Amino acid sequence: MSDQLLTIEATRLDAGHVRLRLTGDLDFDTAPALTAAAADLHGDEVLIDLSGVSICDSSGLSALLVVQRNARVMQLTGVSPQLQRMLDRTGLAELLAVDHGDLRATG
């Protein structure tokens, strides 16, 4: 069980663009919070900043897929090397857009 909760900070950058900044563990205990946050993202372009995520397990990956399904476009930033390896090994790197550049979203 996760000792660290997940914090989700949602910022509307402009019409149709939302940034979700996640901090903590994205795991079995906290993934439902992300899927709940994704419920209102229909038609939005979503930028998910994962730089504050310390752990992401298979439940977290599943939650990211739910967000992708609910958003018009989704992009991940701040992906750790460990998470990138998980995405590569599971084949999700080909499904989820990952920005390896510097996160400079304003809002």
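Throughout this tour, contact means heavy atoms within 4.5 Å. Helices (H or I, at least four residues) and strands (E, at least two) are DSSP runs, numbered from the N terminus. The model is predicted, so local features need pLDDT of at least 70 and side-chain atom pairs count only at pLDDT 80 or more, while totals for chains, interfaces and linings use all residues. Residues are numbered from 1 along each chain as its sequence is written, and side-chain values use heavy atoms, with hydrogens and water left out.

**The sheet**

Select the five strands together: they form an open sheet in the order β1-β2-β3-β4-β5, with mixed pairing, where two strands pair if DSSP finds at least two bridges between them. The edge strands are β1 and β5, each of which pairs on one side only. From one strand to the next the twist averages 25 degrees; for this angle and those below, axes are lines fitted to C-alpha atoms, for helices over the stretch in contact, and angles run from 0 to 180 degrees between N-to-C directions.

Begin at the β1 edge, where β1 and β2 run antiparallel and are joined by seven bridges; select aspartate 14 and find its bridge partner, histidine 17, in β2. Moving on, β2 (residues 17-26) pairs with β3 (residues 45-56) in the parallel sense over nine bridges, and leucine 26 stands opposite cysteine 56 in β3.

On the next step across, β3 and β4 (residues 73-77) are paired in the parallel sense through five bridges. Two positions to pick out here are valine 46, opposite methionine 74 in β4, and aspartate 49, whose bridge partner in β4 is threonine 77. Finish at the other edge, where β4 and β5 (residues 97-99) pair in the parallel sense over three bridges, with leucine 76 opposite valine 98 in β5.

**The crossovers**

Now add the helices and follow the chain. A crossover is right-handed if, with the strands pointing away from the viewer, the path from the first strand over the helix to the second runs clockwise. β2, helix α1 (residues 31-38) and β3 make a right-handed β-α-β unit. From β3 the chain then crosses through helix α2 (residues 58-70) to β4, and this β-α-β crossover is also right-handed. A further right-handed β-α-β unit is made by β4, helix α3 (residues 81-90) and β5.

**Helix α1 and its surroundings**

Select α1, which lies across β1 and β2 and runs at about 170 degrees to β2. Which residues of α1 are buried? They are Ala31, Leu34 and Ala38, where buried means under 20% relative accessible area, exposed over 50% and partly exposed in between (1.4 Å probe, protein chains only). These residues cover an arc of only 60 degrees around the axis, which puts them on the same side of α1; the arc is that of the directions from the helix axis to the C-beta atoms. Their cover includes β1 (7-14), β2 and α2.

Next show α1 and α2 together: they pack at an angle of about 0 degrees, with their axes 9 Å apart. The two helices are therefore roughly parallel to each other, given that angles under 35 degrees count as roughly parallel, over 145 as roughly antiparallel, 65 to 115 as roughly perpendicular and the rest as oblique. The contact is made by Ala31, Leu34, Thr35 and Ala38 of α1 and by Ser59, Gly60, Ala63, Leu64, Val66, Val67 and Asn70 of α2.

From leucine 34, move to leucine 6, which is 28 residues away in sequence and 8.6 Å away in space, C-alpha to C-alpha. Leucine 6 sits in the segment before β1 and counts as buried because its relative accessibility is 13%. Leaving aside neighbours within four places in sequence, leucine 6 is in contact with Leu22, Thr23, Gly24, Asp25, Leu26 and Thr30.

**Helix α3**

End the tour at α3, which lies across β3, β4 and β5 and runs at about 110 degrees to β3. Its buried residues are Leu83, Gln84 and Leu87, and they cover an arc of only 105 degrees around the axis, which puts them on the same side of α3. The buried residues of α3 pack against β3, α2, β4 and β5. Turn to the face of α3 directed away from its buried side to find the exposed residues Pro81 and Arg89. Just after α3, select glycine 91, which takes a positive phi of about 85 degrees.
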